[in-house]
Amino acid sequence: MNSYILSDLQHGKAECRLVKVERSSEGPDAVHELRDLNVTTQLRGDFATAYTEGDNAHVHATDTQKNTVYALARQHGVATPEAFLLTLAAHWRTQEWVTGTCFTAEEYSWLRLPANGHSFVRSGQEIRTATVQTDGEETFVVAGLTDLTVLKSTGSEFHGFPRDRYTALKETSDRVLATSVTATWRYAPGSEATVDFDVAYDAIRTAMLDAFASTHSLALQQTIHAMASAALEACAEVAEIRIACPNKHHFLVDLEPFGLDNPGEVFFAADRPYGLISATVRRPDAVEEPRAWAPVPGLR
Ligand SMILES: O=c1[nH]c(=O)c2[nH]c(=O)[nH]c2[nH]1
């Protein structure tokens, strides 16, 4: 065996697609509930000999982990993404050689069609996200959303920035502000026992959208701060929130060569490059917890 240092071992099944139908009634008038998740499991623990010796005696097979996702969905249901990940965590944290766990889920939303209670259309809006980790006795829950695309066609300015020999950007007092919000919030330790994750999600999403719409923006940075603050105000159980936003630039097209004016009506929506702006906003009394954020990507 060599003397290199092995660390950060984890193994699990990535992207277990799980659709759970809650069947409270049957027949042509059946009203069903749908939860559509993409679940990734990761176990951490005493698994080094699999890496160093190829000895799998401690390895809970990723296939077993995948099967456990489906079996626990059947046995415990999927009340919310966070609740389901907590169920997985409760199962795996007690298994031999497991000292820590990390479960993540994306949730895709479906809207009920008016015809009956069991037909749905995928809603093209944001993806909900959740991550539950355990480290021994401790539990960390973060949740959020990505791809929440928003735009305001006025009420956004950008000026007062420094100018140097490479600055070409004109100051503006009226521009299109568009972004695709990725937000992730961390629940205060212990709050997972009492918080209603669906209620919290809806409250935070609504608060962020209201803040985006109602903030007269002097910078996307200011809008991000307003959205994050509104989220903390909307949900007492959230200790901190991270928001990352691409600035989806909309450039006014010069129509003068064609003898036309363009009073803020015709834009070129560029897809790249884009500004990329992010921040974390934390309650003053909340203790930082870097472990909770470790698996959370900055921006997707
Ligand atoms: O809201 C903005 N923030 C920036 O930091 C920035 N930089 C830039 O070129 N445009 C903008 N807009």
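These legends go with close-up views of a predicted model.

**View 1. The two domains and where they meet.** We start with the overall layout: the chain is assigned a domain 1 (1-136) and a domain 2 (145-300). Their C-alpha centres are 29 Å apart. Where the domains touch, domain 1 supplies 14 residues and domain 2 supplies 13 residues. On the side of domain 1 that touches domain 2, two or more residues come from each of helix H3 (81-92), strand E3 (98-108) and strand E6 (127-135). E6 gives the largest share of that side, with 6 residues. By class, this side of domain 1 holds 4 nonpolar, 6 polar and 4 charged residues.

**View 2. The largest nonpolar core.** Here we look at a core of 54 residues, in which Leu85, Met208, Met227, Ala231 and Ile243 touch the most other members. Helix H4 (residues 197-214) provides the largest share, 8 residues. Because domain 1 (1-136) and domain 2 (145-300) both contribute residues, this core lies between them.

**View 3. A closer look at Ala231.** Staying with the core, we pick out Ala231, one of the residues that touch the most other members. Setting aside residues up to four places away in sequence, Ala231 touches Ala183, Trp185, Ile204, Ala207, Met208, Val238 and Ile241. Met208 therefore appears twice in this story: it is among the contacts of Ala231, and it is itself named with Ala231 among the core residues that touch the most other members.

**View 4. The surroundings of the ligand.** Phe158, Leu169, Ala219, Leu220, Gln221, Asn247 and Gly275 surround the ligand. This shell consists of 4 nonpolar and 3 polar residues, with no charged ones. An unreviewed UniProt entry gives the feature "binding site" at Thr62, Asp63, Phe158, Arg175, Gln221 and Asn247. These annotated positions span 186 residues of sequence and reach up to 52.1 Å between C-alpha atoms.

**View 5. Phe158 and Gln221 beside the ligand.** Two members of the ligand shell deserve their own frame. Phe158 sits in the loop between strand E7 (138-152) and strand E8 (177-187). Phe158 counts as buried because it has 20 C-beta neighbours inside 10 Å. Beyond its neighbours within four places in sequence, Phe158 is in contact with Thr172, Arg175 and Ala219. Gln221, in turn, belongs to helix H5 (residues 220-234). With 16 C-beta neighbours inside 10 Å, Gln221 is classed as partly exposed.

**View 6. Lys13, an annotated active-site position.** The unreviewed UniProt entry places the feature "active site" at Lys13, Thr62 and His249. Spread over 237 residues of sequence, these positions lie up to 42.6 Å apart between C-alpha atoms. Lys13 is found in the segment before strand E1 (16-23). It has 18 other C-beta atoms within 10 Å, so Lys13 is partly exposed. Apart from neighbours within four places in sequence, Lys13 contacts Thr41, Thr62, Gln65 and Lys66. Thr62, one of these contacts, also carries the "active site" feature in the UniProt record.

**View 7. His249, another annotated active-site position.** His249 is in the loop between strand E9 (238-247) and strand E10 (250-252). Like any residue in these views, His249 can be judged by its neighbours: 18 C-beta atoms inside 10 Å make His249 partly exposed. Not counting residues up to four places away in sequence, His249 touches Ala270 and Tyr274.

Methods:
Residues numbered from 1 in each chain as written. Predicted model: local features only at pLDDT ≥ 70, side-chain atom pairs only at ≥ 80, totals over all residues. Core = buried A, V, L, I, M, F, W, Y, C linked by C-beta atoms within 7 Å. Buried ≥ 20, exposed ≤ 12 C-beta atoms within 10 Å, placed from the backbone. Helix = DSSP H or I, 4+ residues; strand = E, 2+ residues; numbered from the N terminus. Domains from an automatic or database assignment. Contact = placed C-beta atoms within 7 Å. Near = placed C-beta within 6 Å. Nonpolar A, V, L, I, M, F, W, Y, C, P; charged D, E, K, R; others polar. UniProt positions renumbered as here; feature names shortened; annotations may be inferred.
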